[in-house]
Amino acid sequence: MGIVAKIGIIGDMHLCSKNYGGHSNYQKESIEYFTKISDLTEELGLTHLIGTGDFTYGKFDKLEYREAIEIELERQNRATNGNRYEIEGNHDTATNGRTEYQYYVRRGLLKPATNMTLGSLAITMLDYRKSGIYTPEDMNIITDGTKLNAVIAHQYFKFKDTLMPNFGDAIELDDYTSLYGTDFLICGHIHHTMAFNGLIAKGGNAHRCTVQYMGCMMR
């Protein structure tokens, strides 16, 4: 059997039409990065492109910026035949009206978190939850030995003995039974690129999991 899919996973985009932080021209820089992602999606022949959440940082206030982002989303959708997914991050919800993420989901330019199985790969996508509670019903984790299980999330996970800077309160994976069977846990939310391994235990068994933080190109 040939290649079933070529999947690209990108970290938090934090797209914003205003300057903030130590950037001299955040608008220009963010569009350049986003355009590069479109370029790579086309060059690598990706069939799926999945974002780890926090698509934007606030609402856009310039139509020129919105137009530039829409052009790139259209390119990404054409290249992947509409398989452009984005997890909902903590910055993708708001109490003061529709967010940019919600706008693009309604426009059909972003698909929300969706569990799927592609050949021997089982994928789970988890939106951000402040509670940090996910149940087995949220998962597409297949533990019969026929699948490699990848979970993509917008959350702060670690193991009890993982040495990490103080990014706030983490969800400890050691006894997080809902994630038992996960081979790769690919995360957004934390803006540093990191990778580490550990064991997730359930019922006297333990399964090795590799955790990868994608980081945030803009930050």
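Begin by selecting His 14, which lies in the loop between strand S1 (7-10) and helix H1, and keep in mind throughout that the model on screen is a predicted one. His 14 has a positive phi of about 50° although it is not a glycine, and its side of the story is completed by its accessibility, since at 1% relative accessibility His 14 counts as buried.

**Along helix H1**

Move next into helix H1, where Ile 37 has its place. With a relative accessible area of 6%, Ile 37 is buried, and when neighbours within four places in sequence are left aside, its contacts are Ile 10, Met 13, Leu 49, Gln 76 and Met 217. If you draw a distance from the C-alpha of Ile 37 to that of Glu 72, you will find 8.6 Å between two residues that are 35 residues apart in sequence.

Ser 38 also lies in helix H1, and it is buried, with a relative accessible area of 1%. Which residues does Ser 38 contact once its neighbours within four places in sequence are left aside? The contacts are Glu 72, Arg 75 and Gln 76, and these three residues are listed among the buried residues of H2, the helix to select next.

**Helix H2 and its end**

Select residues 63-80, which form helix H2. At 1.5 Å a residue, the 18 residues of this helix should span 26 Å, and its end C-alpha atoms are indeed 26 Å apart, so the expected and modelled spans agree. Colouring H2 by accessibility will pick out its buried residues, including Tyr 65, Arg 66, Ile 69, Leu 73, Asn 77 and Thr 80. The buried residues of H2 pack against helix H1 (26-44), strand S2 (48-51), strand S3 (84-86) and helix H3 (100-107), and showing these four elements together with H2 gives the setting of the helix.

Just after H2 comes Asn 81, with a positive phi of about 60°, a positive value in a residue other than glycine. Asn 81 lies in the loop between H2 and S3. Is Asn 81 buried or exposed? With a relative accessible area of 69%, Asn 81 is exposed, whereas His 14, the other positive-phi stop on this tour, counts as buried at 1% relative accessibility.

**Helix H3 and the loop before it**

Glu 100 is found in helix H3 and is buried, with a relative accessible area of 4%. Not counting residues up to four places away in sequence, Glu 100 touches Thr 56, Gly 58, Lys 59, Phe 60 and Arg 66, and Arg 66 is one of the buried residues of H2.

From there, step back to Gly 89, whose place is in the loop between S3 and H3 and which counts as buried at 2% relative accessibility. The C-alpha atoms of Gly 89 and Asp 54 are separated by 4.5 Å, although the two are 35 residues apart along the chain. Leaving aside neighbours within four places in sequence, Gly 89 is in contact with Gly 53, Asp 54, Tyr 128 and His 154.

**The largest pocket**

Tyr 128, one of those contacts of Gly 89, leads to the largest pocket, where Tyr 128, Lys 130, Gln 155, Asp 169 and Ile 171 lie nearest the centre among 14 lining residues. The volume of this pocket is about 170 Å³, and its lining divides into six nonpolar, five polar and three charged residues.

**The nonpolar cores**

Now select Phe 157, Leu 173, Leu 179, Leu 185, Val 211 and Tyr 213, the residues with the most contacts inside the largest nonpolar core, which has 24 residues. Strand S6 (148-154), strand S9 (184-188), strand S10 (193-202) and strand S11 (205-214) each supply at least two residues of this core. Centre the view on Tyr 213, whose contacts beyond four places in sequence include Gln 155, Phe 157, Met 164, Cys 187, Ile 190, His 192 and Phe 196. A second, separate core has 21 residues, among them Cys 16, Leu 46, Ile 69 and Tyr 104.

**A last stop**

Finish at Thr 146, placed in the loop between strand S5 (121-126) and S6. Thr 146 is partly exposed, with a relative accessible area of 45%. From Thr 146 to Arg 78, the C-alpha to C-alpha distance is 31 Å, for a separation of 68 residues in sequence.

Technical notes: Residues are numbered from 1 along each chain as its sequence is written. This is a predicted model: local features need pLDDT of at least 70, side-chain atom pairs count only at pLDDT 80 or more; totals for chains, interfaces and linings use all residues. Side-chain values use heavy atoms; hydrogens and water are left out. On a 1 Å grid over the protein atoms alone, a cavity is a set of points where a 1.4 Å probe fits but cannot get out, and a pocket is an open set with protein on both sides within 12 Å along at least five of seven lines; lining residues have an atom within 4 Å of a point. Grid points are joined across faces, edges and corners, and a volume is the space filled by probe spheres set on the points. Ala, Val, Leu, Ile, Met, Phe, Trp, Tyr, Cys and Pro count as nonpolar, Asp, Glu, Lys and Arg as charged, and the others, Gly among them, as polar. A nonpolar core is a set of buried Ala, Val, Leu, Ile, Met, Phe, Trp, Tyr and Cys residues joined through side-chain atoms within 4.5 Å. Buried means under 20% relative accessible area, exposed over 50%, partly exposed in between (1.4 Å probe, protein chains only). Contact means heavy atoms within 4.5 Å. The expected span of a helix is 1.5 Å times one less than its number of residues.
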